[in-house]
Amino acid sequence: MTHTAVVVGGNRTPFVKAGTKYASASAQDLLTAAIDGLVARFGLAGAKIDEVAAGAVLKHSRDFNLTRESVLGSALSPHTPAVDLAQACATGLEAVIYTSNKIRLGQARSAIAGGTDSASDAPIVVTEGLRKAILRASRARSLGDRLKALASIRPSDLMPVPPAVIEPRTGLSMGESQALTTTRWEVSREDQDQLSYDSHQNLARAWDSGFFDDLVTAYRGVSRDSILRADTTLEKLASLRTVFGRGDDATMTAGNSTALTDGAAVVLLAEESLARERNWPVLAKVVDSQIAAADYVTGAEDLLLAPTRAIPELLERGGLTLDDFELFEFHEAFASTVLATLKALEQNGVGAVDRAKVNVDGSSLAAGHPFAATGGRIVASLAKRLAERGSGAKGLISICAAGGQGAVMILEAL
Amino acid sequence: MGAKLPRGEVSLDDYRQDLEQSAAYARVTGFSVKDAVPATWLHVCTFGLQGRILRSKEFPFSLAGLVHVSNEMVLHRPVGVAERLRLAVTAENLQPHKKGATFELRGRIHVGDELVWEGSSNYLSTKADVPGDPPETKRLPMPEAQAGGASQRWRLPADLGRQYARVSGDWNPIHLHPLTARIFGFPRPIIHGMWTHARALAAFGGQLPDAYRVRVQFTKPILLPGRVGFVVDGDSFAVVDKEGKPKLVGELTEVPAAS
């Protein structure tokens, strides 16, 4: 008995710049809102879904059961189980892989997969000195021991450690790592700005044409992605000062790098026969997926180019080439990530990607990138586009992640 | 010579809900920050108008002796945080009571011409005297606790009254600090009844219906800091002390949603 996992639809909050309209909402609030929007769209109030998988990259220790707590706050049946997953920026796509595999194995017939992140409500880390002293004090058996533990706290221990996206093994921020890649793969400023410009133009066109009407639900008075600049120009992008890289090599700006973003996105997946029974849309099936990792610590490879390892493995297993795809979704961590990925695929002999098929409805540069939510955004949008193209249309998703990892997936319209 | 309530309604057109305040309210009372707001938040929206009636020259009773006895509200349909509201409050239904007199503050909220929320707060004035026989009041049924007791335990911190005052605008000194509470005869501050009400509604999580009627009776004050339990059995719910005695008894029923 074989089972087919299909994408039924999706829902997300509009994405907004961190510290703005969603500043008072937590990652859990955002995920709950995304789930509730999906529940409303597909009439799932009170329904038991076989499993909900989601996660967040910026996670408070109180959110140890973030997804289950969001389910309990949603209108889904309390009998809906949930799991938290984490694979940095690939979290959302990994959640789709996990749930679609369960559907394919017959362990689930319906599932929700996605992710959420609030850079506004990020956990603040305390210093090691303070953390250890508090732990010692909580273990102390006498008042004296407790006071002794607390007395060991130095004034410098009280400084909060500012949140940052730093690779623990290299000490480089993601932008600094990508600056190395940008230089190595000789990605020009002009190409980066052009890709960023296209992203804004494409996303704006998708919004204007109503493409997101059944993919996004307004939240906190926001009904459209707020980072989107439909009126930006190549001249404006060219005028921005560089923020990553050194000297003449510096080409990366705030305009061709993603902004810190708040938002959540979820996808409804089902076994094909269940979707047909319920008269749910059958947008696309999950064909296959692959994870890979790069040796970035030694500098031999690039932090964000692991998808260039995953893609050939995936193509080989399916007997496919890059020419078999009508659409490509390359997550725009930075414009230069996408451009270096395309160059590497070509140089490694995997093949050339037609730029006109890439990110046709915009991607993270224009929409924003609430880390764990990006996978859900891409899967729902691509599945809808493929369904419009008609049966057999294939799409490839590629998402890079911290730790030198990459997740890729093939969707195909049924 | 009996006391008379002020006549007529006080109202506010085109009331814009404060997004930040509604999120902070959700945080303090245990709700998720959703665009569809809880019925108890809409009560908070009318709280300023309630105050205008209670502080008006025509209002016959002293504020210091007022006790919030019970509350009832109906949410006719989900109300969005971005919706503009028309708020109206009246004072009605003055009745004799064995400890004084009771009256209701009735609130109504419209969006356009549509009635979306109604609320009624029943107050007892112990310093009032209204002639006549007190009408009988029905006690809400106490829910049956599961074997083993309350299924939820809430820890109420010492500053919860100040937290709730900030998000609700109810700065009654009995809720704020031991010193101010002592002036009014409480050994410690007590939490606002409407916090307990909201927290109980939040305990239903995502299972709250789109449209509902909720009634609560405040039976005993909760001292801060404190610990209470929550018991639910079908439509009935209660907030209880550690012996299982009720602090609040309530009833939640789904009503057909107005579309």
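**The A–B interface, in brief**

Hi everyone, let's start with polar contacts: between chain A and chain B there are twelve residue pairs in polar contact, both partners at pLDDT 80 or more. On the chain A side, the elements that give two or more residues to the surface touching chain B are helix H1 (27–42) and helix H2 (66–73) of chain A. H1(A) contributes the most to that side, with three residues. And if you sort the chain A side by class, you get seven nonpolar, six polar and three charged residues.

Before I go on, please keep in mind that this is a predicted model. The scores are ipTM 0.87 and pTM 0.92. For chain B, the average pLDDT is 93, and 99% of the residues score at least 70.

Now, how many residues does each chain bring to the contact? Chain A brings 16 residues and chain B brings 13 residues. Together the two chains bury about 1,200 Å² between them, and carbon and sulfur atoms give 36% of that area. Which three residues supply more than any other three of the area that chain A buries against chain B? They are Ser24(A), Asp29(A) and Arg220(A), and they supply 49% of it.

Let me stay with Asp29(A) for a moment, as we meet this residue again among the charged pairs. Three salt bridges are found across the interface of chain A and chain B. One of the salt bridges joins Asp29(A) to Arg27(B), with the closest N and O atoms 3.0 Å apart. So if you have the structure open, have a look at that pair. Thanks, everyone!

Terms used
Residues are numbered from 1 along each chain as its sequence is written. Chains are lettered from A and ligands numbered from 1 in the order in which they are written. This is a predicted model: local features need pLDDT of at least 70, side-chain atom pairs count only at pLDDT 80 or more; totals for chains, interfaces and linings use all residues. Side-chain values use heavy atoms; hydrogens and water are left out. pLDDT is the predictor's confidence in each residue, from 0 to 100. Contact means heavy atoms within 4.5 Å. Buried area is the accessible area (1.4 Å probe) that two parts lose on being put together, summed over both. A salt bridge is a side-chain nitrogen of Lys or Arg within 4 Å of a carboxyl oxygen of Asp or Glu. A polar contact is a pair of N or O atoms within 3.5 Å; within protein, one must be able to donate a hydrogen and the other to accept it, and residues adjacent in sequence count only if both atoms are side-chain atoms. Helices (H or I, at least four residues) and strands (E, at least two) are DSSP runs, numbered from the N terminus. Ala, Val, Leu, Ile, Met, Phe, Trp, Tyr, Cys and Pro count as nonpolar, Asp, Glu, Lys and Arg as charged, and the others, Gly among them, as polar.
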